[in-house]
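Me: I'm new to this and I'd like to know where the labels come from. Can we go through them one by one?

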Amino acid sequence: QVQLVESGGGLVQAGGSLRLSCVASGRTFSNYAVGWFRQAPGKEREFVAHCNWSGGTTHYADSVKGRFTISRDNAKNTVYLQMNSLKPEDTAVYYCAVDRSATINSGTYYPDQYDYWGQGTQVTVSS
């Protein structure tokens, strides 16, 4: 079992920045790849970013590429999502989750491949 707790969300104006944190407890967190997803009201949960166990390999959704950065500090059992140049369409609840697979594959971009989700943190970007 892995427990995940997200934090760092809030209300920010368009063009602003936020840094989300995902703190893990339980099994050895450094063994796992991790993803960030988001879900806006009335929409499906969508992939945002992914990093492998070391943080050395990352992938992003096209909609956030160049604006968001995923990173991790395994000594602190924490994964981060730095979000810059925020837009109103980034408004959503953001979730981190542990990837069942150690490597990137076609399932990386879909929630079904992930176990152990956090409770989410709300990000609201005003125009």
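Me: How many helices and how many strands does the chain have?

Reply: This is a predicted model, so keep that in mind throughout. The chain has zero helices and 11 strands. Read along the sequence, the pattern is β-β-β-β-β-β-β-β-β-β-β.

Me: What makes the chain as compact as a globular protein of that length?

Reply: Set two values side by side. The radius of gyration is 13 Å, and the globule rule gives 14 Å for 127 residues. Those are close, so the chain counts as being as compact as a globular protein of that length. If you'd like the outline too, the C-alpha trace spans about 40 × 30 × 25 Å along its principal axes.

Me: Why is Ser 21 called buried?

Reply: The relative accessible area of Ser 21 is 14%. The cut-off for buried is under 20%, so with 14% Ser 21 is called buried. You'll find Ser 21 in strand S3, residues 18–26.

Me: Which residues is Ser 21 in contact with, leaving aside its neighbours within four places in sequence?

Reply: Ser 21 is in contact with Val 5, Glu 6 and Ser 7, with Trp 36, and with Thr 78, Val 79 and Tyr 80. Contact here means heavy atoms within 4.5 Å.

Me: And how much of the chain is buried?

Reply: Buried residues make up 44% of the 127 residues.

Me: What makes strand S5 mostly covered?

Reply: Just look at the count: S5 runs over residues 46–51, and five of its six residues are buried.

Me: How do you know that S4 and S5 pair?

Reply: Two strands pair if there are at least two bridges between them. S4 (residues 34–39) and S5 have five, in the antiparallel sense, so they pass. For an example of a bridge, Arg 38 has Glu 46 in S5 as its partner. Six residues sit between the strands of this hairpin, where Gly 42 takes a positive phi near 75°.

Me: How many bridges are there between S5 and S6?

Reply: S5 and S6 (residues 58–60) have three bridges, again antiparallel. The test asks for at least two, so S5 and S6 pair. Here Ala 49 has Tyr 60 in S6 as its bridge partner. This hairpin has six residues between the strands, and Gly 55 takes a positive phi near 85°.

Me: What about charges: how many side chains are positive and how many negative?

Reply: There are 11 positive and 10 negative side chains, and the centres of the two sets lie 5 Å apart.

Definitions and conventions. Residues numbered from 1 in each chain as written. Predicted model: local features only at pLDDT ≥ 70, side-chain atom pairs only at ≥ 80, totals over all residues. Heavy atoms only, no water. Helix = DSSP H or I, 4+ residues; strand = E, 2+ residues; numbered from the N terminus. Rg over C-alpha atoms; globule rule 2.2 N^0.38 Å. Buried < 20%, exposed > 50% of the residue type's maximum accessible area, 1.4 Å probe, protein only. Lys, Arg positive; Asp, Glu negative; His and termini not counted. Charge placed at Lys NZ, Arg CZ, Asp CG, Glu CD.
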